Amino acid sequence: MKKKNCFTKLIYSTNFFLSIMLGLSCVGAPPHAFSKTEEIKFPDSFEWCVATASHQIEGNNKDSDWWEFERRGKTIENEDRSTKATDHWNRLEEDTQILVDLGVKTYRFSLEWAKIEPQPGNWNKEALEHYKKEILLLKKNNIKPFITLNHFSIPYWFAKKGGWTSPQAPHFFNRYVKKVFENLGHLGIESWVTFNEPVWNLISGYVLGAFPPGKKDLKLLAAPIVGVVKSHALAYKTLHKIAKKRNIPIKVGLVKALNIFETLRKWNPLDHYARSILERVYNLSLLEALQKGRLKFSFPTIVNMDKELKEAKGTLDFLGVNFYTRLFVKFTFSPPFIKTETVAAKDKITEMHWEIYPEGLYKVVTKAHQMFPKLPIFISENGIADKTDKKRIPFIKDHLYYVYKLIKQKVPIVGYCYWTLIDNFEWAHGYRPRFGLYELDLKTLSRTPRPSAIFYKNLIKKKGFSYEKKGFK
Ligand code: BGC
């Protein structure tokens, strides 16, 4: 009963019992649970994809900073080491066949700088040949290679020179990028990513001590972020310059992790403050630098970054968005002063202890689109660590539902990469969290499709799925 009708009837009612009944209905009936099925269909051109990263799957990345970091002891959960990882390096044919079986249009993967340039200026031809073979294999199978030039790990020689804090970082990175493009650029790769999640990588390495170089000091964060922005800008220009000269059409972008940050104790102004700082440093600062050519973030008395980096303005042809979770932020009185917590019911928590929060994907992409209204957006990573595979299908459906909603609102989302293809070396967490559509047997390294792999395959085939929406109204 509509509220307006209900009150009109109540006013005119002379019957006592009837008045009570009508009065109760005016207060409002209890909400009804509903479930409705909607057919979700994606455009034909939508790029279904899975993503991986070289250090996490290839194995034997001996000349990298991560290899050394893993051997410092107690840095990785269970003291795991990447060692052979999934042995992807030696299983190109097998893993390409898996991609073919899944039916993905696009495969996002990264090249390992430490393998291509194990010593400064010494190029490993075998490594370049290997990547060439991988790209050609993908192309032969009609899968688009979507290449990331740096996904966290760097050559150890570069790390020893200061890595991204070194004033020479843009030069070294540019030299590597040039070499790669000269060797692989003609193979028909449309999209290149310079960096994967650089801010998260640097926070983990310089503030949390969880990634190399294993430092824990907030004031160290500014220098490597500047190094990455400059390196990205220079690589963007170099790639376009060579591509133009050779008449190769390319798009160059960057992959940004975006999180939802909320205040933990709503009554506490310090928590609000901490949240706003994290929002700026983690979500906004780098994107703003690429949008306006100015890098800006501060943490009173510790970091005050406000730097013109004009060369970075407009250096994006597309934006990759990685989305995983929502975190609640609080202020603490000891360094690093900002702490995040996961607050969620048990069934909404993953093996990473992250909340499953699909609506967050809608929110972060909406914000990114407002910042860059003309840029195509790729959901370059989204996935769940779930050994049981019970939560993975609903996870994918719920997130894709929001992707679909965004597309309907004309947000130019060109594709979606599930993270990840096969269980892998999950950085500081070692082999415990299982993100794969394919289960990896850690002893035999055999790959077995989980039910979610079959689901993803069918979804790709049908370009959509039936979505059961549950709620209250
Ligand atoms: C990274 C991946 C990582 C995934 C899950 C992203 O931050 O790009 O390398 O495995 O999240 O933690």
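Mentor: Let's start with a word we'll need: a residue is called buried when its relative accessible area is under 20%. Keep in mind, too, that this is a predicted model.

Trainee: Okay, so what makes strand β5 (residues 191–196) largely enclosed?

Mentor: Set the strand against that cut-off: 6 of the 6 residues of β5 are buried, so the rest of the structure largely encloses it.

Trainee: How do you know that β5 pairs with β4 and β6?

Mentor: Pairing takes at least two bridges between two strands. Strand β4 (residues 144–150) is joined to β5 by 4 bridges, and the two run parallel. In that pair, F146 has S191 of β5 as its bridge partner. β5 and β6 also have 4 bridges, again in the parallel sense, with W192 opposite V252 in β6. Both pairs meet the cut-off.

Trainee: And what do these strands belong to?

Mentor: A barrel, closed by 8 strands in the order β2-β3-β4-β5-β6-β10-β13-β14, with parallel pairing. On average, neighbouring strands there are turned by 25 degrees against each other, direction ignored. Strand β2 (residues 47–51) is joined to strand β3 (residues 106–110) by 3 bridges, and V50 has Y107 in β3 as its bridge partner. Helix α12 packs on this sheet, touching β6 (251–257) and β10, and its direction makes about 160 degrees with that of β6.

Trainee: There's another sheet with β7 in it. Why are β7 and β12 said to stand at the edges?

Mentor: That one is an open sheet of 3 strands, in the order β7-β11-β12, with mixed pairing. β7 and β12 (338–341) each have a single partner strand, so one side of each has no neighbour in the sheet. Neighbouring strands here are turned by 40 degrees against each other on average, direction ignored. For β7, the partner is strand β11 (residues 326–331), which runs parallel to it and is joined by 4 bridges. F261 stands opposite L327 in β11.

Trainee: Now the helices. Why are α10 and α12 called oblique to each other?

Mentor: Their axes cross at roughly 135 degrees and come within 9 Å. Roughly perpendicular covers 65 to 115 degrees, and roughly antiparallel starts over 145. The α10–α12 angle fits neither, nor the roughly parallel class under 35 degrees, so the pair is oblique. The crossing is right-handed. P198, V199, W200 and I203 of α10 make the contact with V281, Y282 and L286 of α12.

Trainee: What makes helix α7 (residues 125–140) and helix α9 (residues 169–184) oblique?

Mentor: Here the axes cross at roughly 50 degrees and come within 10 Å. That angle is between the 35 and 65 degree limits, so α7 and α9 are oblique. α7 passes α9 in a right-handed crossing. The contact involves L128, Y131, K132 and I135 of α7, and K179, N183 and L184 of α9.

Trainee: One last helix: how do you know that α13 has close to its expected reach?

Mentor: Helix α13 (residues 359–371) has 13 residues, and its first and last C-alpha are 19 Å apart. At 1.5 Å a residue, 18 Å is expected, and the two values are close.

Trainee: Which of its residues are buried, and what do they pack against?

Mentor: In α13, the buried ones are G360, L361, Y362, V364, V365, A368, H369 and M371. They pack against β7 (260–263), α12 (269–292), β10 (318–322), β13 (377–382), α14 (392–408) and β14 (413–419).

Note on methods
Residues are numbered from 1 along each chain as its sequence is written. This is a predicted model: local features need pLDDT of at least 70, side-chain atom pairs count only at pLDDT 80 or more; totals for chains, interfaces and linings use all residues. Side-chain values use heavy atoms; hydrogens and water are left out. The expected span of a helix is 1.5 Å times one less than its number of residues. Buried means under 20% relative accessible area, exposed over 50%, partly exposed in between (1.4 Å probe, protein chains only). Contact means heavy atoms within 4.5 Å. Axes are lines fitted to C-alpha atoms, for helices over the stretch in contact, and angles run from 0 to 180 degrees between N-to-C directions. A crossing is left-handed if the near helix is turned anticlockwise from the far one by less than a right angle, and right-handed if clockwise.
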